[in-house]
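I opened this notebook to keep track of what I looked up, entry by entry, for someone who has not seen this structure before. Each entry starts from a place to look and ends with what I found there.

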Amino acid sequence: MDYRLQLVGLQSNPEMEMGSLEERSSHEVEDESLISPAKIGQKTNSFHAPQLGSSCRDWRIWGSKLLGNAVFMSIRVVVFSNKLNFLMPFGPLAVLVHGLSDHNGWVFFLTLLGITPLAERLGYATEQLAFYTGDTVGGLLNATFGNATELIISIYALKSGMIRVVQQSLLGSILSNMLLVLGCAFFCGGIVFNNKQQVFNKAIAVLNSGLLLMAVMGLLFPAVLHFTHTEVHFGRSELALSRFSSCIMLLAYAGYLVFQLKSQKDLYMSIAEGGTLPEEGSDDNEGPEISKWESVIWLSILTAWIAILSEYLVDAIEGASIAWKMPVSFISVILLPIVGNAAEHASAIMFAMKDKLDISLGVAIGSSTQISMFAIPFCVVIGWIMGCPMDLNFQLFETATLFITVLVVAFLLQVCISIKEHRSIYFDNGVL
């Protein structure tokens with residue numbers, strides 16, 4: 001009975017009900033206002049955000065603190081997280097030595113040491129950016145910025161008229177990737193996983209081998225034309241053929257990019273499907289350490305600093321050759337590619353030791369494909385624009401070495417594919 005009377009009283013006096021609701025809502029607002037951004041900041045031990053009624057000056061101070069903290073964390077992650085970065089001060093030291101003395105040998109040596117960590121950090125920033133762009137675009141960015149050091153050095157060498165240095169450094173990059181890097185990856189992966197068959201993507205390996213053979217053909221024809229002395233205008237015909245072949249190779253590389261990024265991108269995105277699943281606790285679930293825009297900014301800074309040091313490096317090559325009593329060809333074929341590909345060399349071997357042989361092949365053979373199909377023709381076109389007679393005549397010995405190297409690697413990959421197919425047939429028939 002009392003309960004019914006209360007209901008009747010509420011229905012008959014709606015003003016009392018509205019007043020109670022307003023009082024209750026005001027109490028709730030007061031309770032919610034107690035939870036301010038400052039208290040949240042105290043709980044998370046972060047910077048105290050200003051109140052809503054604070055002045056614009058307080059908000060600017062708070063924003064500058066957050067920006068300073070973000071910049072400090074980015075510098076700490078990129079600059080101070082790698083042990084190889086202790087070589088970074090050698091870059092400014094090389095600039096100082098160049099300005100105070102004429103010791104080209106020391107300038108060249110210090111510049112080499114200074115570029116080595118920059119090339120590694122360039123690969124790191126590209127890997128961080130790949131977390132946001134995806135595997136396919138990330139692999140392309142990794143190969144592109146991995147070869148950025150060689151391209152920058154080659155452009156400065158072309159500007160100085162050092163055509164043979166450009167040819168030999170690019171040739172040395174291909175040989176080091178296909179012989180040294182790939183061989184070390186196979187060797188180290190076989191030692192770590194001696195009781196396990198490592199697998200890789202057959203289609204991508206065959207495709208890259210075919211592109212490399214096509215690039216070798218483009219390099220072979222100008223050399224054959226030069227040494228057979230069958231051209232009508234000696235010297236000018238091989239240059240014209242080189243420029244024509246370079247344009248064709250650049251178009252073919254553009255078609256390969258369309259094939260990789262648009263037409264058959266699923267072929268490249270499913271690299272790990274043919275292998276084993278990643279184990280728990282592996283590094284496959286690692287996330288990015290810096291943001292996308294931080295990666296872009298660091299790529300710009302590192303590329304600009306490498307470009308500055310590359311100019312000092314190219315200017316000191318001939319002086320270092322005289323001071324060290326070392327031929328320029330040895331410096332171009334051996335030293336420059338090792339420094340420019342230091343990050344790729346280390347990453348390919350580490351991926352093979354983590355049972356990711358497919359990525360190792362992508363780093364080694366993919367980088368060689370990009371140098372032969374893009375970097376070399378691009379240098380020919382840039383030399384054409386500069387008025388420098390850069391051609392594809394790499395001389396007979398260098399061209400024959402490259403041709404034999406590509407054939408050996410192609411046959412090796414075919415043997416590995418054949419062994420894998422035969423083992424799968426035996427397993428399916430119950431032989432093994």
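The entries below go from the whole chain to single residues.

**Entry 1, the whole chain.** I began by noting that this is a predicted model. I then looked up the secondary structure, and the chain turned out to have 18 helices and 0 strands. Of its 432 residues, 39% count as buried. For the surface I found an accessible area of about 24,100 Å², with 66% of that area belonging to carbon and sulfur atoms. I also looked at contacts between residues at least 6 apart in sequence, and 79% of these join residues at least 24 apart.

**Entry 2, helix H6.** How far apart are the end C-alpha atoms of helix H6? Helix H6 covers residues 104–133, and at 1.5 Å a residue its 30 residues should span 44 Å, so the 42 Å between its end C-alpha atoms agrees with that expectation. I then checked how covered this helix is, and 22 of its 30 residues are buried, which I wrote down as mostly covered.

**Entry 3, the largest nonpolar core.** I looked up which residues make the most contacts inside the largest nonpolar core, a set of 82 residues, and found Phe108, Leu336, Ile376 and Leu402. The helix that gives the most to this core is H17, residues 357–386, with 12 residues. I followed Phe108 further and, leaving out residues up to four places away in sequence, listed its contacts as Leu313, Ala316, Ile317, Ala320, Trp324, Ile331, Leu335 and Leu336.

**Entry 4, a nonpolar patch on the surface.** Turning to the outside, I noted that Leu180, Phe330, Ile334 and Ile338 form a nonpolar patch with about 320 Å² of accessible area together. Helix H15, residues 328–340, supplies the largest share of the patch, 3 residues. Phe330 is placed in helix H15, and I looked up its exposure as well: the relative accessibility is 38%, so Phe330 counts as partly exposed, given that the partly exposed class runs between 20% and 50%.

**Entry 5, Cys379.** Is Cys379 buried or exposed? Its relative accessible area is 0%, so Cys379 is buried, and I found this residue within helix H17. Apart from residues up to four places away in sequence, Cys379 touches Leu151, Ser154, Leu158, Val166, Leu170 and Met390. I also recorded the separation of Cys379 from Leu392, which is 13 residues in sequence and 9.8 Å in space, C-alpha to C-alpha.

**Entry 6, the salt bridge.** How many salt bridges does the structure hold? I found 1, formed by Glu398 with Arg164, whose closest N and O atoms are 2.8 Å apart. The pair links distant parts of the chain, since Glu398 sits in helix H18 (residues 396–429) and Arg164 in helix H9 (residues 163–192), 234 residues apart. I compared the exposure of the partners: Glu398 counts as buried at 15% relative accessibility, whereas Arg164 is partly exposed at 30%.

**Entry 7, Ser295.** I looked for Ser295 and found its place in helix H13, residues 292–315. Its relative accessibility is 0%, so Ser295 counts as buried. Setting aside neighbours within four places in sequence, I listed its contacts as Ala125, Gln128, Leu129 and Ile290.

**Entry 8, two loop residues with positive phi.** Lys325 is not a glycine, yet I read a positive phi of about 55° for it. Lys325 lies in the loop between helix H14 (317–324) and H15, and its relative accessible area of 77% makes it exposed. Gln395, also not a glycine, has a positive phi of about 70°. I placed Gln395 in the loop between H17 and H18, where it is partly exposed with a relative accessible area of 28%.

**Entry 9, Asn201.** My last stop was Asn201, in the loop between H9 and helix H10 (202–228). At 15% relative accessibility, Asn201 counts as buried. I looked up its separation from Leu361, and although their positions lie 160 residues apart along the chain, their C-alpha atoms are separated by 9.0 Å.

Conventions:
Residues are numbered from 1 along each chain as its sequence is written. This is a predicted model: local features need pLDDT of at least 70, side-chain atom pairs count only at pLDDT 80 or more; totals for chains, interfaces and linings use all residues. Side-chain values use heavy atoms; hydrogens and water are left out. Helices (H or I, at least four residues) and strands (E, at least two) are DSSP runs, numbered from the N terminus. Buried means under 20% relative accessible area, exposed over 50%, partly exposed in between (1.4 Å probe, protein chains only). Contact means heavy atoms within 4.5 Å. Accessible areas come from the Shrake-Rupley method with a 1.4 Å probe; for residues, only the protein chains shown count as cover. The expected span of a helix is 1.5 Å times one less than its number of residues. A nonpolar core is a set of buried Ala, Val, Leu, Ile, Met, Phe, Trp, Tyr and Cys residues joined through side-chain atoms within 4.5 Å. Patches are made of residues with over 30% relative accessible area and no salt bridge: like charges are joined within 9 Å, nonpolar side chains (Val, Leu, Ile, Met, Phe, Trp, Tyr) within 5 Å. A salt bridge is a side-chain nitrogen of Lys or Arg within 4 Å of a carboxyl oxygen of Asp or Glu.
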